[in-house]
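Welcome! Here is a short briefing to help you find your way around one part of this structure.

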Amino acid sequence: MIICPNCAHPNPDGVLKCEACYTALPGAQTCPNCGAIVEADAEFCGQCGYGLRSLIDPGNAQTEMGVPAVPLPAPTPEPPAAAPPVSPRPSPSETRLQTSQARLFHVQSNTTIELPIGVSVVHLGKPNDRVPPDIDVSGLADSDIVSRVHANLRLEGDAYYIEDVGSANGTYINSFLLPVGDRHRLRSGDRIALGKGDKVSFLFQLT
């Protein structure tokens, strides 16, 4: 039995505060952080978790209970975040240009003619002794209206251009006559007619 020092009320063993006046009984202490009554030898407050062991002599590292205080290890600094890997830049010799493959779709026969790869100037026409054609249209219907040296397709960078090189019956782009010496930048879907009447015509396509 524990007698309350404040009101002399008898309290059963193990009680931390008087049942009558709520005074802390011998063998109990008050948490300085939240005011809760806890056992005198408690190391932490059961209410708020406050540490109840205070240092008397920091140089001697002793606590109120006479137990040497164990210094907490210094926090280990986190290693700096690794920089993301940098992909090496390709040397000029390794750089490859992504070019589109161009072709001509012959409207009258529903056939496709692939333009030569790696050729900057493609000659359109029929066999002759002056400028042999890269694309020979002599086997197509109505090719008699196409001149032997008719038109050129030029690749500059990633763009294709067409020019009439002095044909007898002209070159038409989307039904408009292309003046000799002028160049037209081709876009996918452009209609090219070699000669009048749209008898030998192609659709320019990029894939």
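The notes below follow one sheet and some of its strands. Please keep in mind that this is a predicted model.

**The sheet as a whole**
- Look for an open sheet of 6 strands, whose order is β8-β7-β17-β16-β13-β14. The pairing in this sheet is antiparallel.
- The edges are held by β8 (111-114) and β14 (176-177). Each has a single partner strand, so one side of each is left without a neighbour in the sheet.

**Strand β7 and its surroundings**
- Strand β7 covers residues 102-106, and 4 of its 5 residues are buried, so this strand is largely enclosed by the rest of the structure.
- With β17, strand β7 pairs in the antiparallel sense over 5 bridges.
- With β8, which also runs antiparallel to it, β7 is joined by 4 bridges.
- F105 is a handy landmark here: it stands opposite L203 in β17, and F105 also stands opposite T112 in β8.

**The hairpin of β7 and β8**
- Between the two strands of this hairpin there are 4 residues.
- N110 in the hairpin takes a positive phi near 55°.

**Strands β16 and β17**
- Strand β16 spans residues 191-194 and strand β17 spans residues 201-206. The two run antiparallel and are joined by 3 bridges.
- To locate this pairing, start at A193, whose bridge partner in β17 is S201.

**A general point for viewing**
- In a regular strand, side chains alternate between the two faces of the sheet.

Notes
Residues are numbered from 1 along each chain as its sequence is written. This is a predicted model: local features need pLDDT of at least 70, side-chain atom pairs count only at pLDDT 80 or more; totals for chains, interfaces and linings use all residues. Side-chain values use heavy atoms; hydrogens and water are left out. Two strands pair if DSSP finds at least two bridges between them. Buried means under 20% relative accessible area, exposed over 50%, partly exposed in between (1.4 Å probe, protein chains only).
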